[in-house]
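Me: I would like to learn how to read a structure feature by feature. Can we take it in small steps?

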Amino acid sequence: MKKKIYLVLSQNYTILSRIIKIVTKDKYSHISISFDKQCTDMYAIGRTFTRWPFSGNYKNESIYEGVYTLNKKSQIVVYELSVSNNQYKNIKQLLNKYGNESKGYNFLGLIFALFNKKLNRKKYYCSEFIYKILSDDNVKLFSKTKDVVKPMDFVKMKNLNKIYEGNIIKYKDMNIYEKIMI
């Protein structure tokens, strides 16, 4: 039996996300992983404080709080990926393993990555963290030859099913409607 995981790419229009978007020319500047379609529980390396981009860590995120609520223009794309029960279990274990081992937010690594340079540290930025989990020997859903990975690189994964793209408020409203109908 297959399980579902969700990759959530976002553009929240914070100063840092705007800079990332300008430099990379990519539509989205952040990525999280979720195990529920409503994205109430997402996991990533992200900001410790909503309005301060320079410190971060492994954290539980939700589209209903934090940076996802700062700007009404915020955009997301949600991809669904079917995985085996074993992969699902391994992804959850790797999230905790790498998340708890992380020594914070790799802000310097993010700056280097904007210029396609790799900086190896025991810290991660968002796409580096998700890549580490999905490319681990126990999971192997993603492989990339370049050293630097960006959120938009994940859309090239096989077997992704786009379930939503657009304004984050509309996605929240859809989820509320779905919950009422159940």
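Reply: Start with residue classes. Ala, Val, Leu, Ile, Met, Phe, Trp, Tyr, Cys and Pro count as nonpolar, Asp, Glu, Lys and Arg as charged, and the others, Gly among them, as polar. Keep in mind that this is a predicted model.

Me: How many residues of each class are in the lining of the largest cavity?
Reply: The lining divides into 10 nonpolar, three polar and two charged residues.

Me: How is empty space found in the first place, and how many cavities of 30 Å³ or more are there?
Reply: Rolling a probe the size of a water molecule over the atoms shows where empty space is left. Here the count is one cavity of 30 Å³ or more. The largest cavity holds about 100 Å³ of space.

Me: Which residues lie nearest the centre of the largest cavity?
Reply: Ile 20, Leu 110, Leu 114, Lys 150 and Pro 151 do, out of 15 lining residues. By element, α1, α3 and α4 each give two or more residues to the lining. α3 gives the most, with three.

Me: Now burial. Is helix α4 largely enclosed or open?
Reply: Use the cut-off: buried means under 20% relative accessible area, and exposed means over 50%. Helix α4 covers residues 126–134, and seven of its nine residues are buried, so the rest of the structure largely encloses it.

Me: Which residues of α4 are buried?
Reply: They are Cys 126, Ser 127, Glu 128, Phe 129, Ile 130, Ile 133 and Leu 134.

Me: What about nonpolar residues on the surface? Which ones form a patch?
Reply: A patch takes residues with over 30% relative accessible area and no salt bridge. In this model the nonpolar patch consists of Ile 15, Ile 19, Ile 22, Val 23, Leu 108, Ile 111, Phe 112 and Phe 115. Together they have about 770 Å² of accessible area.

Me: Which helices supply the patch?
Reply: α1 (15–24) and α3 (107–114) each supply at least two residues. The largest share, four residues, comes from α1. Take Val 23 as a case: it is found in helix α1. Its relative accessible area is 33%, so Val 23 is partly exposed.

Me: On to salt bridges. How many are there in the whole structure?
Reply: Look for a side-chain nitrogen of Lys or Arg within 4 Å of a carboxyl oxygen of Asp or Glu. The search finds four. One of them joins Lys 27 and Glu 165 at 3.1 Å, N to O. That pair links distant parts of the chain: Lys 27 is in the loop between α1 and β2, Glu 165 is in strand β6, and they are 138 residues apart.

Me: Which residues are linked in a network?
Reply: Lys 27, Lys 162 and Glu 165 are. Lys 162 meets Glu 165 at 2.8 Å, N to O. Lys 27 is partly exposed at 44%, Glu 165 is partly exposed at 33%, and Lys 162 is partly exposed at 43%.

Me: Asp 153 forms a salt bridge with Lys 156. Is Asp 153 buried or exposed?
Reply: Asp 153 is buried, because its relative accessible area is 7%. Lys 156 is exposed, at 63%. Their salt bridge spans 3.4 Å, N to O.

Me: Last, the backbone. What is phi of Lys 25 near?
Reply: Phi of Lys 25 is near 65 degrees, a positive value in a residue other than glycine. Lys 25 is in the loop between α1 and β2 (30–34). Lys 25 is exposed, at 71%. Asn 159 also has phi near 65 degrees. Asn 159 lies in the loop between α4 and β6 (160–167). At 67%, Asn 159 counts as exposed.

Key. Residues are numbered from 1 along each chain as its sequence is written. This is a predicted model: local features need pLDDT of at least 70, side-chain atom pairs count only at pLDDT 80 or more; totals for chains, interfaces and linings use all residues. Side-chain values use heavy atoms; hydrogens and water are left out. Buried means under 20% relative accessible area, exposed over 50%, partly exposed in between (1.4 Å probe, protein chains only). Patches are made of residues with over 30% relative accessible area and no salt bridge: like charges are joined within 9 Å, nonpolar side chains (Val, Leu, Ile, Met, Phe, Trp, Tyr) within 5 Å. Accessible areas come from the Shrake-Rupley method with a 1.4 Å probe; for residues, only the protein chains shown count as cover. On a 1 Å grid over the protein atoms alone, a cavity is a set of points where a 1.4 Å probe fits but cannot get out, and a pocket is an open set with protein on both sides within 12 Å along at least five of seven lines; lining residues have an atom within 4 Å of a point. Grid points are joined across faces, edges and corners, and a volume is the space filled by probe spheres set on the points.
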